[in-house]
Structures are given as C-alpha cells and as structure tokens.
Amino acid sequence: MTADARLNPDGAASLTLDDVTGQSLARGGVADALLHVERAWTGAGSWATAQDHICRVVAGPVDAADHAGLYYGAPAIAFLLHAAADHHPRYRTASQTMDEHVLRLTRRRLDTAATRIDRGEPAAFAEYDLFYGLTGIGALLLRHHPCSDELAGILQYVVTLVARPRREDGIELPGWWAAHDPDEIVPTPGGHANFGMAHGAAGLLAFLALATMDGHVIDGQREAINVLTTWFDRWRQDGPKGSWWPRWITRDELNAGRPAHTSPGRVSWCYGTVGIARAQQLAALATGDIRRQQDAEDVLVAGLTDTHLDRITEPGLCHGIAGVFQTAYRAARDARGPALADRLPALADRLTRHARGDEDRRHRAHGAGLLTGRAGVDLALETARRSTPPHTGWDACLLIT
C-alpha cells in the first residue's frame, strides 16, 4: 500500500489509540523506528529490524489533519522516511508522497495563522512551536525542501511573529505571547512569553539562525534575529551560579521588568540554559557575532558543572541528561575553543550511568518515545558511543543542528 493511500485528512478523531500512538515521534513508534534506522546506519543494528519498525509505523492511517506537526502525524512520518530513504530507495517514493501532504498541510496552516494575525488574536503553542507548530514543520522543510515556497512562507510567518508585537490593555507584548498557560498545573493569568526551545523564543531563534546559516534568508530575517537576541539580553540573569533565563514570564513579570524567581531551573534542553545558550550560539554563527558566540559558549560551559548537572535526575532528551549531552555535543562541534569538547567525556559517562541506573523505571514509567522515553536516550547514547554526528540527523528535530 502506498503512503498516499494511508493518509487520513480527517484527523485523530477517526483513528484508534494505537494509530495515534504509533505515529508519534514524541511518545510512540516513530521514535523507536528512528532509533533502529540510526543503528542500522552505524552497523549497531540491522536494516531488516529497522524496516520491521518502519512497516509497523506506516501500517495504519496517517493523520494529515491540521493539528499534525513534526512530532505527530504526516510530518513525523516524513521525518522518519527521509532518515531511511538515502539507504533504501524503496522509501524515497513514500517520503516524496508524504512530503506532498506535508506541503499542503503547511499551506493550510499558514493561511490559518495569517487569519489569526489579521484578527489581532494571540498566538498559541500549537500554531508556532517545535513540537506541533510551524517552527517544527519548518525544521523538516529546511532539511528536505529548502527552496520551497512553503519554507519561505514559514520564515515570513516567524519573522512577522517576532517583529510585530501586540498591544493589549496598553501593554506591548511579544508576538509569540501565548494567552494560555505553559502547563495545565501552572497558571499564568493574562498569558505568558515562553523562553524555551520547545515552545518559545529559543526555538524561534534557533530556526531563523539555522535557515540563515543555510543561506535561506528573507527580508526582515536578520532583524528578527536581533529582536530575539535583544530579548534574551534583556531577561538574562547573572548570579553566583552563572547566567540563566526564566522558563517564561507572566504579565506581572513583564510589567515589573524582572522574573519572580531568583534562581535558575534545570539546565535542560527544553527550557534550560543549555538549550537557550545553543540557540544564541547558532544566532551568533548566523550573524558573525564573535562576542555573542564566545559568551554563549561560556554560559553553556558554566552550566555543565556538577552543581547544575546533579539537579538533573532523569535520563531523557526533553528534561534530562540525554538532551544536555546531545546539545553540548552539537555546540562543541561549532565552538571557538576546546572547553565544551573537554566536558563531553564526563557528560557521556553521566548519561551512561543515568541510562543504566534508570533502565527498569524507563521501561515501566516512560516507555517508548523520543522526549522522555528510552528511544531518545538510546539515540543520544549512540552519539556518545561513536563520537560522531548521527547518520540520520535525528537531532534536527531538537533545533540544535
């Protein structure tokens, strides 16, 4: 059966729970298949096993409705198929067919976002973020359709989001201000501005920087990068534990000009200093700002001390040591000096210890998936084991490369 025959434009409402879970990069079968493809590329696994996992993922209908994004549905399947297509031509046709649906999805989502902007309504994670929004789809297109009108459209959308603040009740809010809470158990009355790679300003900055480095630049793009780096400069907090940024700020904190918290959170990829510093390093590389690059690398190195790393108690990519390692690994390859690379062996040892010590709990509590599951940890372990970039480029879905 072709990939086209499996497309389901009606969305998750008409899919079974197994169908939905299977096509999730965040929590389901796509991540497991990606791991086996990576292992097949490196010789640590077999292509027969990888093909088995791919077949399971694409056996049911693929969700191509407007809520699909890089971490779920057609874009997630496309990301997986491209990882295998270079080695197995049999997947090229399927990946090209899936791409056609991703491009259609992108056009629909850009139209919806433009309507929202015209109405003056606030943005939402689902519209712009890495996991399910246009930034994530942009990361996919940047790798596989870099000259497409759809990528140019996403770049224009992000530039507009960043460069056009909103006014609400006489207060100027950044364009990515979200009216909803960052987490259902963490209320933010009046909305919030997110700083993280997954849902916030760091992800927007990393995406624009990566596109710029690849030579895909539209009018206003460099100015948008400057808006975002200025935002991070404004909210940077310096103290005895090093430099850090809040996970998000509320309306009250925006009015006060300072975060309510006086100490940093975890130095994770998703919300912490490690992810934010990598985004700023990428921005510096994109703009030739040597001072900012060195500063970003210094901040990242300072965040990799035992004092900070001991606060990380889980192995996963999103909040845990795997994400810290993979981000530091990519940053070290671009760094001006050896300080980051010098930290990698100790980070790899820490990752290995976390993974071994948490094996039973990971299988019981976290299960499959990239973000908090065993597949993400094992992918980072593959990088640590080989000390070479992933053959599949799987970590492009983290916006760190």
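Here are some worked exercises on helix packing, burial and backbone angles in this predicted model.

**Exercise 1. How do the axes of α6 and α9 cross, and which residues meet there?**

Step 1: Start with the geometry. Two packed helices are described by the angle between their axes and the distance between the axes. For helix α6 (residues 90-118) and helix α9 (residues 149-163), the axes come within 10 Å and cross at roughly 25 degrees.

Step 2: Classify the angle. Angles under 35 degrees count as roughly parallel, and α6 and α9 are therefore roughly parallel to each other. Their crossing is left-handed.

Step 3: Find the contacts. From α6 come Leu103, Thr106, Arg107, Leu110, Ala113, Arg116 and Ile117, and they meet Glu150, Gly153, Ile154, Tyr157, Thr160 and Leu161 of α9. Sorted by class, this contact has 7 nonpolar, 3 polar and 3 charged residues.

**Exercise 2. Is Leu110 buried or exposed, and which residues does Leu110 touch?**

Step 1: Place the residue. Leu110 belongs to helix α6.

Step 2: Check its accessibility. Buried means under 20% relative accessible area; Leu110 has 18%, so it is buried.

Step 3: List its neighbours. Leaving aside residues up to four places away in sequence, Leu110 touches Leu134, Glu150, Gly153, Ile154 and Tyr157. Among these, Glu150, Gly153, Ile154 and Tyr157 are α9 residues in the α6 contact.

Step 4: Try a distance in the viewer. Pro189 is 79 residues from Leu110 along the chain, and their C-alpha atoms are separated by 28 Å.

**Exercise 3. How are α8 and α9 oriented to each other, and which residues make the contact?**

Step 1: Read the geometry. The axes of helix α8 (residues 134-144) and α9 come within 9 Å, crossing at roughly 140 degrees.

Step 2: Apply the cut-offs. Roughly antiparallel would need an angle over 145 degrees. α8 and α9 are therefore oblique to each other, and α8 passes α9 in a left-handed crossing.

Step 3: Look at the residues. In α8, Leu134, Thr135, Ile137, Gly138, Leu141 and Leu142 meet Glu150, Leu151, Ile154, Tyr157 and Val158 in α9. By class, there are 8 nonpolar, 2 polar and 1 charged residues in this contact.

**Exercise 4. Which residues of α5 are buried, and how far does α5 reach from its first C-alpha to its last?**

Step 1: Check the length. Helix α5 (residues 74-85) has 12 residues and reaches 16 Å, close to the 16 Å expected at 1.5 Å a residue.

Step 2: Name the buried residues. They are Ala74, Pro75, Ala76, Ile77, Ala78, Phe79, Leu80, Leu81, His82, Ala83, Ala84 and Ala85.

Step 3: Draw the conclusion. With 12 of the 12 residues buried, α5 is largely enclosed by the rest of the structure.

**Exercise 5. What covers the buried residues of α14?**

Step 1: Check the helix itself. Helix α14 (residues 290-302) has 13 residues, which should span 18 Å at 1.5 Å a residue; its end C-alpha atoms are 18 Å apart, which agrees.

Step 2: Pick out the buried positions. In α14 these are Arg292, Gln293, Ala296, Glu297, Val299, Leu300 and Val301.

Step 3: Find the cover. It includes α11 (221-235), β7 (242-244), α13 (273-287), α16 (321-334) and α17 (339-357).

**Exercise 6. Which residues do His53 and Glu382 touch?**

Step 1: Take His53, in helix α4 (residues 47-57). His53 is buried, with a relative accessible area of 16%. Not counting residues up to four places away in sequence, His53 touches Asp32, Ala33 and His36.

Step 2: Turn to Glu382, in helix α19. Its relative accessibility is 9%, so Glu382 counts as buried. With residues up to four places away in sequence left out, Glu382 touches Arg39, Thr42 and Ala44. The C-alpha atoms of Glu382 and Ala44 are separated by 8.9 Å, with these positions 338 residues apart along the chain.

**Exercise 7. Where do Asp169 and Leu399 lie, and is each buried or exposed?**

Step 1: Note the backbone angles. Asp169 is not a glycine, yet its phi is positive, about 55 degrees. Leu399, also not a glycine, has a positive phi of about 60 degrees.

Step 2: Locate them. Asp169 sits in the loop between β3 (166-168) and β4 (171-173), while Leu399 lies in the segment after α19 (374-386).

Step 3: Check accessibility. Asp169 is exposed, with a relative accessible area of 69%, whereas Leu399 is buried at 2%.

Technical notes
Residues numbered from 1 in each chain as written. Predicted model: local features only at pLDDT ≥ 70, side-chain atom pairs only at ≥ 80, totals over all residues. Heavy atoms only, no water. Axes fitted to C-alpha atoms, helices over the stretch in contact; angles between N-to-C directions. Helix = DSSP H or I, 4+ residues; strand = E, 2+ residues; numbered from the N terminus. Parallel < 35°, antiparallel > 145°, perpendicular 65-115°, else oblique. Left-handed = near helix turned anticlockwise from the far one by under 90°. Contact = heavy atoms within 4.5 Å. Nonpolar A, V, L, I, M, F, W, Y, C, P; charged D, E, K, R; others polar. Expected span 1.5 Å × (residues − 1). Buried < 20%, exposed > 50% of the residue type's maximum accessible area, 1.4 Å probe, protein only.
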